[in-house]
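Here is a friendly briefing on how some helices meet in the chain shown below. Please keep the model open as you read.

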Amino acid sequence: MFWKRSFDGLDALVAERGSSLLATAVLLTGSRAAGEDLLQGALERLMRSWGRVREDRERYLRRTMYHLAVDQWRLRRRRPEVFTHAEPQGQPDAADAVALRQALMQALAQLPPRQRAVLVLRYWEQLSEAEAAEVLGCSVGTVKSTASRGLSRLRELTATWDLQPFPLSSGAQR
């Protein structure tokens, strides 16, 4: 006998927030394929817990994604993985934006996992320090110091970009 479960609202959640969730997963993992796998794993866990999770299912899904990503980083520490060069799909008229995005993704991929997670939560997901600390299960001070070190490291990694500037389509000056 098969049990039939009702997942009311799951279609709407994925339709409305799926692209944002996938973008976050890609940033956390470093590639689109790995991001899709991460999001799928988080969706599977959400579906297994559907009856227990009654409020803010997107928050539960995001938190699950972050925890799964941390688990993958821990595995990679024992069995290192080499990131390959993969270009994100871009708009034909925005080659400069694509180049900048790719360079930023590569720089972000060079950060340690915790720094990457904190920066994604704070600046991509736009969570407060307290919210990021709650998601990661650490103190607000840890989020602050990790974000500071992560931004410092990104500045070091991008310091040479002034030698090969990326043109800005909007005409903004550096």
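The points below cover two helix pairs and one single helix.

This is a predicted model, where local features need pLDDT of at least 70, side-chain atom pairs count only at pLDDT 80 or more, and totals for chains, interfaces and linings use all residues. Residues are numbered from 1 along each chain as its sequence is written, and side-chain values use heavy atoms, leaving out hydrogens and water.

**Helix 1 and helix 2**
- Helix 1 (residues 10-29) packs with helix 2 (residues 32-48) at about 135°, and their axes are 8 Å apart.
- The two are therefore oblique to each other (neither under 35 degrees, over 145 nor 65 to 115).
- Contact (heavy atoms within 4.5 Å) involves residues including Leu-13, Gly-18 and Leu-21 of helix 1, and Gly-35, Leu-39 and Leu-43 of helix 2.
- By class, this contact has 14 nonpolar, three polar and two charged residues.

**Helix 5**
- At 1.5 Å a residue, the twelve residues of helix 5 (residues 113-124) should span 16 Å, and the end C-alpha atoms, 15 Å apart, agree with that.
- Among its buried residues (under 20% relative accessible area, 1.4 Å probe, protein chains only) are Arg-116, Val-118, Leu-119 and Arg-122.
- Gln-126, just after helix 5, has a positive phi of about 60°.

**Helix 6 and helix 7**
- Helix 6 (residues 129-136) and helix 7 (residues 140-158) pack at about 105°, with axes 8 Å apart.
- That makes helix 6 roughly perpendicular to helix 7.
- Glu-129, Ala-130, Ala-132 and Ala-133 of helix 6 meet Val-140, Val-143 and Lys-144 of helix 7.

Methods: Axes fitted to C-alpha atoms, helices over the stretch in contact; angles between N-to-C directions. Helix = DSSP H or I, 4+ residues; strand = E, 2+ residues; numbered from the N terminus. Nonpolar A, V, L, I, M, F, W, Y, C, P; charged D, E, K, R; others polar. Expected span 1.5 Å × (residues − 1). Buried < 20%, exposed > 50% of the residue type's maximum accessible area, 1.4 Å probe, protein only.
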